[in-house]
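Me: Please take a close look at one part of this model, and tell me what it contributes to the surface. I would then like to see how the charged side chains elsewhere in the model are paired.

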Amino acid sequence: MGRPSESDSGKTPYDFGGTWIPSPLEINRRAARKSRNRRNALIAISSSVVVIGGLILIAVTSPGWKSLSDTFFAWAYGVEVLPKIILGFGTNVALTLIASSCVATLGLSIALIRTSRSPALAPFRILATLYVDVFRGIPMLLVILLVGFGIPALRIQGLTNNVLILGTLAVVITYTAYVAEVIRSGILTIHPSQRAAARSLGLSHFQSLRYVVLPQAFRRVTPPLLNDLVALIKDTGLVSILGVTDAVRAAQIASSRSFNYTPYVMAAIVFLLVTIPLTRFTDRTLRRSIERQNATGVA
Amino acid sequence: MTQPVLEVKQLRKSYGSEVVLEDISFSVPVHTATVFIGSSGSGKSTLLRCINLLDQIDDGSIELDGEDITAVDADVDKVRRKLGIVFQSFNLFPHMKVIDNITLAPMKVQGISKEVARESAYKLLDRFGLHDKAEDYPDRLSGGQQQRVAIIRSIAVAPRLLLLDEITSALDPVLVNEVLSTVRDLKIEGMTMVLATHEMGFAKQVADEVCFLHHGKILEWGTPEQILESPKQPETKEFLQRVHEAGRL
Ligand SMILES: Nc1ncnc2c1ncn2[C@@H]1O[C@H](COP(=O)(O)OP(=O)(O)OP(=O)(O)O)[C@@H](O)[C@H]1O
Ligand SMILES: [Mg+2]
């Protein structure tokens with residue numbers, strides 16, 4: 001079987017892997033769709049240029065622009081302090097990595113305790129609920145202050161006074177409460193019939209959880225967990241209040257020395273370089289997980 | 001007389017003040033199929049759930065191979081290992097491929113090696129014409145194919161007794177047949193079964209005994225011919241009449 005259009009016109013406009021050639025009706029429809037898409041793209045581009053360009057123009061021509069840009073956008077000075085800020089940001093990254101692995105483990109444990117029904121775990125269930133309620137309801141800054149200044153004030157031998165460790169501890173305490181709730185809600189959205197099916201196959205309670213419930217729950221909560229990760233990265237900046245030399249603190253030191261706020265802007269840019277890609281990634285994961293859930297509408 | 005696989009004695013089950021099952025007694029000899037018929041809400045699903053220990057009974061007893069599985073110290077996991085159940089709504093695990101759905105219990109519950117489990121799973125898939133679906137996820141399968149996978153999954157652990165709860169009621173008429181022929185094959189191979197169904201034609205083909213359940217009681221029982229062709233109780237007659245009008249006989 002040959003394709004007539006191949007030998008006739010040299011190149012087929014559409015390759016469908018068969019001998020089917022779209023009818024004139026379909027070809028017209030495609031052409032119309034294409035021209036409409038082109039028109040929409042043109043409108044989107046021109047309206048963006050007008051709006052964004054206009055806003056920039058207003059800012060730059062305003063009377064205060066000169067002093068504003070000197071105070072916040074002194075690029076030469078910014079580049080000068082950048083190495084210190086990046087060095088400080090290393091602390092934020094390390095803190096994020098350590099805290100997030102602790103949070104993942106503890107959050108999962110608390111979620112499992114709260115969703116368990118075993119009578120032996122009853123006291124732990126109550127404690128876990130209390131813990132989650134309390135630490136989701138306190139501003140994290142307060143937790144950092146309480147842990148960071150409160151624990152050293154106890155003067156207990158053997159307890160650390162290291163602000164980095166105490167800061168990390170405070171972050172872990174707060175985020176574990178958030179993450180435990182996210183995971184718990186994921187577990188609760190898995191229909192009981194899935195567990196019943198697993199149990200009726202002879203899988204134990206733990207095996208049903210491990211092989212059937214949790215894998216499905218994790219897929220559902222991946223997007224909100226990634227959101228929490230982005231928030232965690234930002235919030236590590238709060239431990240600077242304890243004197244930890246992170247990116248925020250490094251910027252603060254540089255800024256107070258020169259009475260110029262460009263270091264803060266530089267620190268913000270450094271954070272954005274990490275958080276924006278992660279946010280985009282989260283968005284894509286979310287879209288994909290919605291598509292997948294729509295595909296599995298039945299059963 | 002040899003011991004029956006399943007023996008239910010004076011079972012009673014209620015939800016709150018609503019008595020769903022009352023004075024249910026029957027036994028299922030090895031290699032036979034007992035079919036429960038009855039209108040919606042008569043308690044068929046509840047009965048199967050009780051046998052599988054997914055629900056707790058209020059009174060009476062259930063014996064599996066002579067062992068009281070409703071005893072307080074009965075090992076629930078061990079009992080379930082001897083029972084297979086297939087639900088109306090398939091309940092396949094959506095995050096696992098067909099082959100993994102089938103091999104999960106043999107591997108994790110029976111401790112069979114992955115290779116051996118996969119090999120026997122493929123054999124089963126082959127036999128029921130689903131070989132090329134092994135590496136697909138359940139949502140890529142038709143309803144009839146999903147239900148057949150669910151059946152294969154429950155027989156992969158070689159259960160002593162298979163419980164089938166209206167396994168075709170979520171399917172189109174065309175898909176019903178492929179699922180029913182799968183069950184017929186199992187019957188021929190000697191699987192002992194308890195079924196709940198609305199398909200009277202099918203009941204006639206596979207059943208050794210038919211029980212008519214009405215408001216939670218077994219009102220009439222006997223061979224398929226006795227119950228489906230010359231019922232004695234007026235309620236059974238009326239039920240069959242309604243089924244007949246719905247065109248399912
Ligand atoms: N978990 C429950 N809590 C309270 N009542 C229930 C519960 N499950 C079932 N019932 C009641 O028990 C009765 C029997 O239900 P069951 O599902 O066993 O009927 P069925 O014969 O399987 O019906 P169908 O043919 O529609 O599947 C119904 O009246 C139902 O409302
Ligand atoms: Mg039912």
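Reply: Helices are DSSP runs (H or I) of at least four residues, strands are DSSP runs (E) of at least two, and both are numbered from the N terminus. The model is predicted, and the part chosen here is helix H11 of chain A, which spans residues 262-295. The domain assignment divides chain A into domain 1 (9-59) and domain 2 (81-295), and the C-alpha centres of these two domains lie 43 Å apart.

Helix H11 contributes to a nonpolar patch on the surface, to which H11(A) gives the most, with four residues. This patch is made up of A:Leu68, A:Phe72, A:Phe73, A:Trp75, A:Tyr261, A:Tyr264, A:Ile269, A:Leu273 and A:Val274, which together have about 800 Å² of accessible area. Helix H3 (65-72) of chain A, like H11 of chain A, supplies at least two of the patch residues. One member, A:Tyr261, sits in the loop between helix H10 (247-258) and H11 of chain A. Why does A:Tyr261 count as partly exposed? Its relative accessible area is 38%, and partly exposed covers the range between under 20%, which is buried, and over 50%, which is exposed.

Helix H11 of chain A also has a charged side to its account, since a positive surface patch is formed by A:Arg219, A:Arg284, A:Arg287, A:Arg288 and A:Arg292. The largest share of that positive patch, four residues, again comes from helix H11 of chain A. A:Arg287, for example, has its place in helix H11 of chain A and counts as partly exposed at 47% relative accessibility. Residues of a patch have over 30% relative accessible area and no salt bridge, so the 47% of A:Arg287 is in keeping with its place in the patch.

Charged side chains that do pair are the other part of the request, and a search of the whole structure finds 23 salt bridges over all chains. In one of them, the side chains of B:Arg127 and B:Glu189 meet with 2.9 Å from N to O. B:Arg127 lies in helix H4 (residues 114-127) of chain B and B:Glu189 in the loop between helix H6 (173-188) and strand S8 (193-196) of chain B, so this pair ties together parts that are 62 residues apart in sequence. Both partners are partly exposed, B:Arg127 with a relative accessible area of 43% and B:Glu189 at 47%.

A second salt bridge joins B:Arg148 to B:Glu178, with the closest N and O atoms 2.7 Å apart. This pair links helix H5 (residues 143-155) of chain B, where B:Arg148 lies, with helix H6 of chain B, where B:Glu178 lies, across 30 residues. Here B:Arg148 counts as buried at 10% relative accessibility, whereas B:Glu178 is partly exposed at 26%.

A further pair is B:Lys204 and B:Glu229, whose side chains meet in a salt bridge of 3.4 Å from N to O. The two are 25 residues apart, with B:Lys204 in helix H7 (residues 200-206) and B:Glu229 in helix H8 (residues 224-229) of chain B. B:Lys204 is partly exposed, with a relative accessible area of 32%. Beyond these pairs, B:Lys97, B:Asp100, B:Arg118 and B:Glu135 are linked in a network of salt bridges.

Notes. Residues are numbered from 1 along each chain as its sequence is written. Chains are lettered from A and ligands numbered from 1 in the order in which they are written. This is a predicted model: local features need pLDDT of at least 70, side-chain atom pairs count only at pLDDT 80 or more; totals for chains, interfaces and linings use all residues. Side-chain values use heavy atoms; hydrogens and water are left out. A salt bridge is a side-chain nitrogen of Lys or Arg within 4 Å of a carboxyl oxygen of Asp or Glu. Buried means under 20% relative accessible area, exposed over 50%, partly exposed in between (1.4 Å probe, protein chains only). Patches are made of residues with over 30% relative accessible area and no salt bridge: like charges are joined within 9 Å, nonpolar side chains (Val, Leu, Ile, Met, Phe, Trp, Tyr) within 5 Å. Accessible areas come from the Shrake-Rupley method with a 1.4 Å probe; for residues, only the protein chains shown count as cover. Lys and Arg count as positive and Asp and Glu as negative; His and the chain ends are not counted. The place of a charge is taken as NZ of Lys, CZ of Arg, CG of Asp or CD of Glu. Domain bounds come from an automatic or database domain assignment.
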